[in-house]
Amino acid sequence: MGKGMRAGKKPSAGGGMGGNMQKQIQQVQAMQRQMEETQAELEKMETTATAGGGAVTVTVNGAKQVTNIALKPEVVDPEDIEMLQDLILVAVNEALRQMEEISQNEMGKITGGLNIPGFM
C-alpha cells in the first residue's frame, strides 16, 4: 500500500458528494427544459376579460400582449370618452391578471410552488 492510501477505502465512481451534485444539476436542467416548454405553451394561450357588462372585451395572449379589443357600439359616446377609457383599462388589467394567474399556476406545477428567481 502506497503512502497516503487508506486500507478499505476506494474512491467513489460518481457517488458521494460529486455524484449527488451532478444529479441535482441534471434535475435543475430537466426542470428548466420543462419550464421552457410550458412557457412556449403559455404563449399560445389566450384569455378574455370584459368590462361594462360586456361592452368592452379584451383578449391577451400568454406573452402578455393584447391581441384583441372589441367595443359594443353603445359604449362609444364622444361626450364620455373617459368612461370608455376606464372600461378599456379595467378589461385590459383583468385580462393581464388572469393570464398572470394562469402562468403562475402552470409554472407552480413544475416548481412545486418554489419562487425561483430568473425562471419566470
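**Notes on a three-stranded sheet and its helix**

1. Strands 1 and 2 make a hairpin with 4 residues between them, and Gly52 in that turn has a positive phi of about 65 degrees. Please keep in mind as you read on that this is a predicted model. The two strands pair in the antiparallel sense over 6 bridges, with strand 2 covering residues 56-61. Two pairs help to fix the register: Ala51 stands opposite Val56 of strand 2, and Thr47 has Val60 of strand 2 as its bridge partner.

2. A second hairpin follows. Strand 2 and strand 3 also have 4 residues between them, and here Lys64 is the turn residue with a positive phi, of about 60 degrees. These strands run antiparallel and are joined by 5 bridges. If you want a pair to look for on screen, Val58 stands opposite Ile69 in strand 3.

3. Put together, the strands give an open sheet of 3 strands in the order 1-2-3, with antiparallel pairing. Strand 1 (46-51) and strand 3 (66-71) are the edges; each has a single partner strand, so one side of each is left without a neighbour in the sheet. On average, neighbouring strands are turned by 15 degrees against each other, direction ignored. Helix 2, residues 81-111, packs on this sheet and touches strand 1, strand 2 and strand 3, its direction making about 145 degrees with that of strand 1.

4. Strand 2 deserves a look of its own. Of its 6 residues, 5 are buried, so strand 2 is largely enclosed by the rest of the structure. Thr59 belongs to this strand. Is Thr59 buried or exposed? Its relative accessible area is 9%, and the cut-off for buried is under 20%, so Thr59 counts as buried. The side chain of Thr59 has a polar contact of 3.1 Å with that of Thr48. Beyond its neighbours within four places in sequence, Thr59 is in contact with residues including Glu46, Gln65 and Asn68.

5. Val58 is worth clicking on too. Setting aside neighbours within four places in sequence, its contacts include Thr47, Ala49, Val66 and Ile69, and also Ile88, Ala91, Val92 and Ala95. Val58 is also among the residues with the most contacts inside the largest nonpolar core, a group that includes Val56, Val60, Val75, Leu87, Ala91 and Ala95. That core has 13 residues. Strand 1, strand 2 and helix 2 are the elements that give two or more residues to this core. Which element gives the largest share? Helix 2 does, with 6 residues.

6. Now for the helix itself. At 1.5 Å a residue, the 31 residues of helix 2 should span 45 Å, and its end C-alpha atoms lie 44 Å apart, which agrees. The buried residues in helix 2 are Leu84, Leu87, Ala91, Val92, Ala95, Met99, Ser103, Met107, Ile110 and Thr111. As you scan that list, a general point helps: an α-helix has 3.6 residues a turn, so residues three or four places apart point the same way. Just after helix 2 comes Gly112, with a positive phi of about 70 degrees.

Note on methods:
Residues are numbered from 1 along each chain as its sequence is written. This is a predicted model: local features need pLDDT of at least 70, side-chain atom pairs count only at pLDDT 80 or more; totals for chains, interfaces and linings use all residues. Side-chain values use heavy atoms; hydrogens and water are left out. Two strands pair if DSSP finds at least two bridges between them. Axes are lines fitted to C-alpha atoms, for helices over the stretch in contact, and angles run from 0 to 180 degrees between N-to-C directions. Contact means heavy atoms within 4.5 Å. A nonpolar core is a set of buried Ala, Val, Leu, Ile, Met, Phe, Trp, Tyr and Cys residues joined through side-chain atoms within 4.5 Å. Buried means under 20% relative accessible area, exposed over 50%, partly exposed in between (1.4 Å probe, protein chains only). The expected span of a helix is 1.5 Å times one less than its number of residues. A polar contact is a pair of N or O atoms within 3.5 Å; within protein, one must be able to donate a hydrogen and the other to accept it, and residues adjacent in sequence count only if both atoms are side-chain atoms.
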